[in-house]
Amino acid sequence: MITSTQAQQYLDQALGVSVPGFIVEAAVAKVATAEVKMIEAGYSDYDRVMVQCLAVTIIAAAGAPRRLASQSAPSGAGRSFKNFDNDLTALRRSLAALDTAGTVADLVGPDPAAAAFMFVVNG
């Protein structure tokens, strides 16, 4: 199972997402419950790491964290951030492609952006 340090590194370096450590730890603990299912599904060590990274990211980012857009320094310090747009939907698609056995589907839940709307119109 990935560690919360590895998950935080993935969030920070690969996605530029700022999430508090306690949220990352909780997400890692939640995803750890599915590791046995991943092993039973025959996932390689590499596939398990990828599934775990994506699942932790989706769970930890559920509160719409901010994403680092730019950063400068040598004392003109400055950072700018942007919010996730449809990035979580793209991560969910990537996760679904990797997690063909659906080992973490219950943990990450359905994509709220893909929710269907039903309207009743009285004529």
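In this predicted model, helices α1 and α4 cross at roughly 80°. Their axes come within 10 Å. The angle falls between 65 and 115 degrees, which makes α1 roughly perpendicular to α4. From α1, the contact is made by A7, Y10, L11 and L15. From α4, the contributing residues are C53, L54, V56 and T57. Packed helices in general are described by these two quantities, the angle between the axes and the distance between them.

Helix α1 covers residues 4–15. For its twelve residues, a rise of 1.5 Å a residue predicts a span of 16 Å. The end C-alpha atoms of α1 are 15 Å apart, which agrees with that expectation. The buried residues of α1 include A7, Q8, L11 and L15. These residues cover an arc of only 100° around the axis, so they sit on the same side of α1. The spacing follows from helix geometry: an α-helix has 3.6 residues a turn, so residues three or four places apart point the same way. A7, L11 and L15 also take part in the contact with α4. On the other side of α1, T5 and Q13 are exposed. Just after the helix, G16 adopts a positive phi of about 65°.

Q8 belongs to helix α1. Its relative accessible area is 18%. Buried means under 20%, so Q8 counts as buried. Beyond its neighbours within four places in sequence, Q8 is in contact with V19, P20, G21 and V24. Of these partners, G21 and V24 fall within the residue range of α2, 21–32. V24 is itself buried.

Helix α2 also contains twelve residues. The expected span is 16 Å at 1.5 Å a residue, and the end C-alpha atoms of α2 are 16 Å apart, so the two agree. V24, A27, V28 and V31 are buried in α2. Their arc around the axis is only 100°, which puts these residues on the same side of α2. The face turned away from this buried side carries the exposed residues F22 and E25. Several helices contribute to the cover over the buried residues of α2. Among them are α1 (4–15) and α3 (35–40). The cover also includes α4 (45–60) and α6 (105–108). Helices α1 and α4, which cross at roughly 80°, thus both help to cover the buried residues of α2.

G109 lies in the segment after α6. With a relative accessible area of 25%, G109 is partly exposed. The C-alpha atom of G109 is 9.0 Å from that of I59. Along the chain, these two residues are 50 residues apart.

The chain as a whole has 123 residues. Its secondary structure comes to six helices and two strands. In sequence order, the pattern is α-α-α-α-β-β-α-α. Of the residues, 33% count as buried. Among contacts with a separation of 6 or more, 62% join residues 24 or more positions apart. The chain exposes about 7,700 Å². Carbon and sulfur atoms supply 56% of that area.

Terms used. Residues are numbered from 1 along each chain as its sequence is written. This is a predicted model: local features need pLDDT of at least 70, side-chain atom pairs count only at pLDDT 80 or more; totals for chains, interfaces and linings use all residues. Side-chain values use heavy atoms; hydrogens and water are left out. Helices (H or I, at least four residues) and strands (E, at least two) are DSSP runs, numbered from the N terminus. The expected span of a helix is 1.5 Å times one less than its number of residues. Buried means under 20% relative accessible area, exposed over 50%, partly exposed in between (1.4 Å probe, protein chains only). The arc is that of the directions from the helix axis to the C-beta atoms. Contact means heavy atoms within 4.5 Å. Accessible areas come from the Shrake-Rupley method with a 1.4 Å probe; for residues, only the protein chains shown count as cover. Axes are lines fitted to C-alpha atoms, for helices over the stretch in contact, and angles run from 0 to 180 degrees between N-to-C directions. Angles under 35 degrees count as roughly parallel, over 145 as roughly antiparallel, 65 to 115 as roughly perpendicular and the rest as oblique.
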